[in-house]
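Colleague: I have a model open and would like to learn how to read it. Please take me through it feature by feature.

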Amino acid sequence: MRILSSLLLTTGLCVGASAASAQSLACGQDYIVEPGDYLSTIAERAYGSPGSFNLIYSANADVIGPNPGLINVGDRLFIPCLNGDLGESAANAAAIRNTDTTERLPAPAEDRPIRVLTATGWAPFMDEDQAQGGLLTEIINIALENADSDPDYQIDFINDDGAHLNPLIVDHAYDISIGWSQPNCDIMDKLEDESQFRCNNLDFSDPLYEEVLGYFSDAADPVMNDHVELVGKRICRAEAYTLAPLEGVDLVEPTITIVRAPTAADCINFVLEDKADVALVAVDVADGRASELGASDRVQMHEALTFVDVLHAVIAKTHPRNEEIMAVVNNGLGNIKDSGLWFETVRRHMTAFRAANQ
């Protein structure tokens, strides 16, 4: 699904033969990055497929940093295993409810459980058909379950993404919603209304997950190595998804044309159907949909443009329990990351998702 970029021969995330190495590469062990290594070629040696590089990134994000296309010679990376016992979910499944209404709900109260919003249609991250409602749904579930204060909470699927932030969060009908990226609020003059709304109205938790985003186009297109090559393109983003990644690199209308699809995965369909020139989606989502359609050889990822999008839980700045609830969320996230439960959850979801889409 990925095409080798000539500009990534010195460092980056690409598919191609790595330098010959006498160093063994086995899962469950550390690996020292050598000249010629890329995350994808390390994944190919470890697992037989370059597509699992995202799991290596998740296990080593603190070492690699925000750009998965840049790994340094001498870095020590832990190589997680994809086989063997993946364990079982530690989440409280009873906390997840299916709620179809967006009618007015009670105002926040001291004795009310923390109300969490999730949605479907974004596998493997948030989806009713995924185990425990998807990766992010399970992460917030186990984070609250493992918070020191042992809070009462409930998680509702409301599948109108556009209603999550406004009115459900800003009106305090729900306390937090998950899966949101934070715009660069230091460049407000470059941000569209939706991103300015987030900056002005929301507070963001510590990271729930760091997803790798990629730009995907028809496999016959020239390889793109700079964002300026996207000027004039029709770029697909899912409905209600932020345009902040594009705004941060000065790609705004009318310089580009934004095309909205019902879901992130549908953006791959739009590229294949010539409804868009480029899809900006999570790599796992793109791989899954292309595999599902039997079209992995028909789309390419422009690897020089790959970057990390940090996903958060959000709460309204005006929420009367803002600081209290966000402290509980961040405390729980810290606990599950320290204990290893966070990565166990990531590994289980990502391994199952890749196995289902091979």
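Modeller: Keep in mind that this is a predicted model. Start at the end of one helix: helix 9 is followed by Gly 294, whose phi is positive, near 65 degrees.

Colleague: How many residues of helix 9 are buried, and which ones?

Modeller: Helix 9 spans residues 283–292 and is mostly covered, with eight of its ten residues buried. The buried ones are Val 283, Asp 284, Val 285, Ala 286, Asp 287, Gly 288, Arg 289 and Ala 290.

Colleague: What covers the buried residues of helix 9?

Modeller: The cover includes three helices and three strands: helix 2 (53–59), helix 8 (266–272) and helix 11 (341–356), along with strand 8 (209–218), strand 11 (278–282) and strand 12 (299–301).

Colleague: How do those elements fit into the whole chain?

Modeller: The chain has eleven helices and 13 strands. Of its 358 residues, 53% are buried. The accessible surface comes to about 14900 Å², and carbon and sulfur atoms account for 47% of that. For contacts between residues at least 6 apart in sequence, 75% join residues at least 24 apart.

Colleague: Can you give me one residue that shows such a contact across the sequence?

Modeller: Take Tyr 57, which is in helix 2. Tyr 57 and Val 212 are 155 residues apart in sequence, yet their C-alpha atoms are 8.7 Å apart in space. Val 212 is one of the residues in contact with Tyr 57; leaving aside neighbours within four places in sequence, the others are Leu 39, Ile 64, Gly 65, Pro 66, Pro 68, Glu 210 and Val 308.

Colleague: Is Tyr 57 buried or exposed?

Modeller: The relative accessible area of Tyr 57 is 1%. Buried means under 20%, so Tyr 57 counts as buried.

Colleague: Next, helix packing. How is a pair of packed helices described?

Modeller: Two packed helices are described by the angle between their axes and the distance between the axes. Here, the axes of helix 4 (residues 135–145) and helix 10 (residues 322–339) come within 7 Å and cross at roughly 95 degrees. Angles of 65 to 115 degrees count as roughly perpendicular, so helix 4 is roughly perpendicular to helix 10.

Colleague: Which residues make the contact between helix 4 and helix 10?

Modeller: Helix 4 contributes Ile 139, Ile 140, Ile 142, Ala 143 and Leu 144, and helix 10 contributes Val 328, Val 329, Gly 332, Leu 333 and Ile 336. By class, nine are nonpolar, one is polar and none is charged.

Colleague: What should I expect of nonpolar side chains in general?

Modeller: In soluble globular proteins, nonpolar side chains tend to be buried together. In this model the largest nonpolar core has 91 residues, and those touching the most other members are Trp 122, Phe 125, Leu 136, Ile 140, Tyr 209, Leu 246 and Val 346. Helix 4 gives the most to this core, with seven residues. Apart from that core lies another, of 13 residues, among them Leu 165, Leu 168, Trp 180 and Ala 316.

Colleague: What does Ile 140 touch?

Modeller: Not counting residues up to four places away in sequence, Ile 140 touches Val 116, Ile 155, Ile 176, Ile 178, Leu 208 and Val 329.

Colleague: And where do Leu 165 and Leu 168 sit?

Modeller: Both are in helix 5 (residues 161–169), where they are buried, as are Ala 163, His 164 and Ile 169. Cover for the buried residues of helix 5 includes strand 4 (114–118), strand 6 (176–181), helix 6 (193–201), strand 7 (202–204) and strand 13 (307–316).

Colleague: Last topic: what is the usual backbone geometry, and where does this model depart from it?

Modeller: Most residues other than glycine have a negative phi, and most peptide bonds are trans. A cis bond joins Ala 123 and Pro 124, with omega about 5 degrees; Pro 124 lies in the loop between strand 4 and helix 4. The bond from Glu 253 to Pro 254 is also cis, with omega near 5 degrees. Pro 254 is in the loop between helix 7 (244–247) and strand 10 (257–261).

Colleague: Which residues other than glycine have a positive phi?

Modeller: Asp 250 has a positive phi of about 60 degrees and is placed in the loop between helix 7 and strand 10. Asp 274 has a positive phi of about 60 degrees, and its place is in the loop between helix 8 and strand 11.

Colleague: How exposed are they?

Modeller: Asp 250 is partly exposed, at 46% relative accessible area. Asp 274 is exposed, at 52%.

Terms used. Residues are numbered from 1 along each chain as its sequence is written. This is a predicted model: local features need pLDDT of at least 70, side-chain atom pairs count only at pLDDT 80 or more; totals for chains, interfaces and linings use all residues. Side-chain values use heavy atoms; hydrogens and water are left out. Buried means under 20% relative accessible area, exposed over 50%, partly exposed in between (1.4 Å probe, protein chains only). Helices (H or I, at least four residues) and strands (E, at least two) are DSSP runs, numbered from the N terminus. Contact means heavy atoms within 4.5 Å. Accessible areas come from the Shrake-Rupley method with a 1.4 Å probe; for residues, only the protein chains shown count as cover. Axes are lines fitted to C-alpha atoms, for helices over the stretch in contact, and angles run from 0 to 180 degrees between N-to-C directions. Angles under 35 degrees count as roughly parallel, over 145 as roughly antiparallel, 65 to 115 as roughly perpendicular and the rest as oblique. Ala, Val, Leu, Ile, Met, Phe, Trp, Tyr, Cys and Pro count as nonpolar, Asp, Glu, Lys and Arg as charged, and the others, Gly among them, as polar. A nonpolar core is a set of buried Ala, Val, Leu, Ile, Met, Phe, Trp, Tyr and Cys residues joined through side-chain atoms within 4.5 Å.
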